[in-house]
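User: I'm new to reading protein structures, and I'd like to know where the labels come from. Can we go through a few of them together?

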Amino acid sequence: MSEMRDVLYNPPEGSLPILLAGLDAYGPFYRIAPAGSVNGYGFIAAQKHLDAGENVARAVLAGFVQSAMEAACGGETISLNYEFLGNARAGERIEAHVETVRHTRSLAFLGSRVTADGRAVLTADGLIARA
């Protein structure tokens, strides 16, 4: 268990701790340094994230990608569509890579890919009202 605890509180090099709105009980989360138009966010899956089947609960993944998209452009979700592609397990590094596809003065059109140790587990498209 101490190995898991060390992973939980030590985000990858170059990342910074971050609070994601509405997900306080599910952290800690980290922000990956932006690469061009892509913003990254992540966490290490723990027991508190799991469903009865020992997979990261889909509601956790959906909430995580929504909060990551809102954090990426500083706004509120208007529309969010997602596709679950696979499962994530405890101990895996969960990351959302959020890209701005297009933006106007008041709206941002975003795409996101969520991975578990590099495997795609969810894709999402969202429309965010920019603050």
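**Reading the labels**

Analyst: Sure! This is a predicted model. Let's begin with a hairpin: β6 and β7 form one with 2 residues between them, and D117 in its turn has a positive phi of about 50°.

User: How do you know that β6 and β7 pair up?

Analyst: Two strands pair if at least two bridges are found between them. Strand β6 (residues 107-116) and β7 have 10 bridges, so they pass, and they run in the antiparallel sense. One of the partnerships is A116 with R119 in β7.

User: And what makes β4 and β7 a pair?

Analyst: You can use that cut-off of at least two bridges again. Strand β4 (residues 75-84) and strand β7 (residues 119-130) have 9 bridges, so they count as a pair, antiparallel as well. Across this pairing, S79 stands opposite L127 in β7.

User: Okay, on to helix α2. Why is E70 called buried?

Analyst: Buried means under 20% relative accessible area. E70 comes in at 16%, so it's buried. You'll find E70 in helix α2, which covers residues 58-73.

User: What does E70 touch, apart from residues up to four places away in sequence?

Analyst: That would be G75, E76, T77 and I128. As for E92, it is 22 residues from E70 in sequence and 23 Å away in space, C-alpha to C-alpha.

User: Why does S67 count as buried?

Analyst: Try the cut-off of under 20% once more. S67 has 7% relative accessibility, so buried is the right word. S67 is in helix α2 too, and leaving aside neighbours within four places in sequence, its contacts are L20, A21 and L23.

User: What makes a group of residues a nonpolar core?

Analyst: The members have to be buried residues of certain kinds, Phe, Ile and Val among them, joined through side-chain atoms within 4.5 Å. The largest such core here has 28 residues, and F64, I94 and V114 have the most contacts inside it.

User: Which elements supply at least two residues each to this core?

Analyst: They are β3 (38-44), α2, β5 (93-103), β6 and β7. Of these, α2 gives the most, with 7 residues.

User: How do you know that F64 is in contact with I94?

Analyst: Contact means heavy atoms within 4.5 Å, and I94 is on F64's list. Leaving aside neighbours within four places in sequence, that list also has L20, L23, F29, Y41, G42, F43, E95 and A96.

Definitions and conventions
Residues are numbered from 1 along each chain as its sequence is written. This is a predicted model: local features need pLDDT of at least 70, side-chain atom pairs count only at pLDDT 80 or more; totals for chains, interfaces and linings use all residues. Side-chain values use heavy atoms; hydrogens and water are left out. Helices (H or I, at least four residues) and strands (E, at least two) are DSSP runs, numbered from the N terminus. Buried means under 20% relative accessible area, exposed over 50%, partly exposed in between (1.4 Å probe, protein chains only).
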